[in-house]
Each structure stands twice: as C-alpha cells, then as structure tokens.
Amino acid sequence: MHITAKPTSYQCNIQCDYCFYLGKAAQFSRQGWMDDQTLRSFIKNYIRAASDNVHFTWQGGEPTMAGVDFFRKAVALQKKYGGGKKIFNALQTNGILLNDEWCQFLKQHDFLVGISIDGPEALHDRYRQTRAGNGTFKKVISAIDLLKKYGVEFNTLTVVNNINVGHPLEVYEFLKSIGSRHLQFIELLETSKANIQFDGRTDVGNIIDFSVPAVSYGKFMSEIFKRWVKYDVGTVFVRQFETFVSRFLGNGHTSCIFQQACRDNFVMESNGDLYECDHFVYPQYKIGNISDASLSSLQSSRLTAQKQVLSSDCLNCIYKPVCNGGCPKHRIIRGGGGQVSYFCAGYKTLFATMTPYMNAFVELARNGIPLEKIMDIAEQIESA
C-alpha cells in the first residue's frame, strides 16, 4: 500500500497551464491545509498499516508551501510512531521555494526530491510559469544547484507536451547534463471536461492543445530509448524503460499505468480524505478518511473494475500482456466495442522499438550476463 499525501491540496505558487490539479479549487476551496491532527493521524495510521519499509510521498499543489516546520513535525511524528520500521520520504516540488534551510533539512533527513522540469529554458518556460506569466526555469535550476551543493538526492519529472515532444534527444541530454540520473516522463492528456467514468462511459470534451499527440509521444520515447539502450543502461534510469525491463524479466511492472489492476496507490487530501487515485480525486472515488479508515482494507475497487474492462481491440492486441490497456484516465477513444487508450498508437510505436531489446535483456539475464552488456550489442539488434 502506498499513499501520496497533499498537505496543501491544490494550492501552488506557480500556475502551469497544463496542471490538472489546480482545477480542484472549486472542489476544495473551503478546505485548509493539513492541520496537526490530520498529520498525526496520517503518520500513525499509515506506519501501523505498512510493512517494515514505510514510504511517505509528499505532493501538491506545491507541498513546500506548507513550510519546513510542517515537515519537521512530520519527521518527529515518524520517529515517535516508527516502531523500528524504516522510514523513507519523497518530496515532489517545483523547487521555487527551496533555499539553504530547506536543503539542510532535506539532507539531514534523507529526503528524495523530485524536481519538475520540462527541458531546456525555452521548452520548460512554455507552460511552467508564474502567475504573472514569467518563466520559472532559472529558479528551478538554482534549486537544483542547491540540492547538489548539499548532496540531496534528486530525480526529475518531465511532462511531455505538444511542444517539447518535438525535441526528444535535446530534452534527454539536457536532463542528464543537470545531474539527473533518474528520469520520469509523463505523457500529457487533458480534455475540456473532467475525465470521469460512469459505468464504463467516459465523459470527455475536446482534447486541449497542450496535450501531446499520441504517435508523437511514442516517437519521443522511442528516440530516447534508442539513445539510452546504446549508452546509458545502468547509469541512467528512465521509469518507463525500467518498468518494461522488470516486466520482461518476470518481476511485474513497477509503473501502475501498465499493471493489470489499479491497486495500492492512494492519495490523501489535506483534510485526510482518501481517494483511489491522484487522477480520480472526485467524490465517487472517495474511500474514507485517514482518521477513521482501516488502511489495511483499502481498495481501488472501482478503478480496478474499470481498468479490467478491455475492448476487443485490446484483447486481440499482441501487446496486451505488457500494456493491459493503459491508464483508465487515458481511455477516451472508442474502439472494439469499448474504450481504448488515447495513447494506444504511441504505445505501439514504443513497444515495437523496445521489444527486440527486451528479448535480449531476457537472454542476458538467463545466461547470467550483466544487463549493461546490452550496450555492446545494441547496434547489432538495431540492424537485425
């Protein structure tokens, strides 16, 4: 079980054009930030229900707006209720508020920091701007420099949109140049209506311009994969690639998007309300409150039921065993008597590129050869 906590709810100190969570203002406008009682209930109950390793993820909105003292309280409560369990903390941030005090705290308590950055300055600033319309790139780079100065472990999260999708290798090499060795790319899709499913029917409007075209996304990831598999296996970790390596080696997906069921990845709003998924924080997906819920019995039952209803197009697809229809949020295209992921064509492009290399990974593992050796034979696979 994993719970992502949102101490400041939807509130953020910048205004990214594509942010899906800023739209929660109408839903949570009367709700304040997380108070001490909710924080205590969360940490106590979460640790009690977790295994020996307890992973706390703090997200937003922008969680650093809660202030470093809020997180000092969180760490103190983790120590109080830890009971000998090993505690891990991860903080996803835009980096704007990070300063020396923050970085000293993050280093002292071994926080893993996720920094949102969409590429070089012109690509990043296209959508990630302040409320006054100014770019945030320089402030984000300053935050990354501070993290490196204090030795804080960080990774990067990049939203793939209609602009940066045209620059795959530029984005990839830039992220490596700033010191990121763990990269996550998020395919962007938003529509003019909330993507809420009712009894298998998705209510959507027009696809918003900043969304990434499906095939373009597939080509973007394919270009990065071909660079990665030739030069960076074992030194750079890309979440999308790692999940497929894991799947082909028989260990299952590490990314929820391609798993068979939506399970064990919940989100907690600032008032303690629990929902089945970060992308489905709507009343019908609420499953309790941290103060009274039995965490050991939490289930993403509604989303799992939706995810497992596949169209005939999906059921007959050669990639079904590794894709499982993708994320329910993305199923907005009619096909095969049901719904198909908007990204279907893009995923197929990526899968076709990766499959020969994935089969080679399996052979390497079967023969006890380090997976990094794929870089020695990548040219041969490409030309086969």
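Select Asp 232 and Tyr 172 to begin: their side chains are joined by a polar contact of 2.6 Å. A polar contact here is a pair of N or O atoms within 3.5 Å; within protein, one must be able to donate a hydrogen and the other to accept it, and residues adjacent in sequence count only if both atoms are side-chain atoms. The model is predicted, so local features need pLDDT of at least 70 and side-chain atom pairs count only at pLDDT 80 or more, whereas totals for chains, interfaces and linings use all residues. Residues are numbered from 1 along each chain as its sequence is written, and side-chain values use heavy atoms, with hydrogens and water left out.

**Around Asp 232**

Asp 232 sits in the loop between H8 and E9. Helices (H or I, at least four residues) and strands (E, at least two) are DSSP runs, numbered from the N terminus. Asp 232 counts as buried because its relative accessibility is 7%; buried means under 20% relative accessible area, exposed over 50%, and partly exposed in between (1.4 Å probe, protein chains only). Next, display the residues that Asp 232 touches, not counting those up to four places away in sequence: Tyr 172, Lys 176, Arg 227 and Met 375. Contact means heavy atoms within 4.5 Å.

**Helix H7**

Tyr 172 and Lys 176 lead to helix H7, residues 168-177, where both are buried, as are Pro 168, Val 171, Phe 174 and Leu 175. Now add the elements that cover these buried residues, among them helix H5 (121-124), helix H6 (137-149), strand E5 (154-160), strand E6 (182-187), helix H8 (214-231) and strand E9 (237-238). After H7 comes Gly 179, with a positive phi near 100°.

**Helix H8 to helix H9**

Move to Ile 224, in helix H8. Ile 224 is buried because its relative accessible area is 0%. Its contacts, leaving aside neighbours within four places in sequence, are Pro 168, Leu 169, Tyr 172, Phe 185 and Phe 241.

Select Phe 241 next; its C-alpha lies 9.9 Å from that of Ile 224, and the two residues are 17 apart in sequence. Phe 241 belongs to helix H9, residues 239-248, and is buried because its relative accessible area is 0%. With neighbours within four places in sequence left aside, Phe 241 is in contact with Met 221, Ile 224, Phe 225, Trp 228, Met 354 and Met 358. A further C-alpha to C-alpha distance to display is the 10.0 Å between Phe 241 and Thr 254, which are 13 residues apart in sequence.

**Strand E2**

Turn to Thr 57 in strand E2, residues 53-58. Thr 57 is buried, as its relative accessible area is 17%. Its side chain makes a polar contact of 2.7 Å with the side chain of His 2. Not counting residues up to four places away in sequence, Thr 57 touches His 2, Ile 3, Thr 4, Ala 5 and Ala 90.

**The whole chain**

Finally, zoom out to the full protein chain, which has 14 helices and 14 strands. Along its principal axes the C-alpha trace spans about 60 × 50 × 45 Å. Of the 384 residues, 53% count as buried. Among contacts between residues at least 6 apart in sequence, 69% join residues at least 24 apart.
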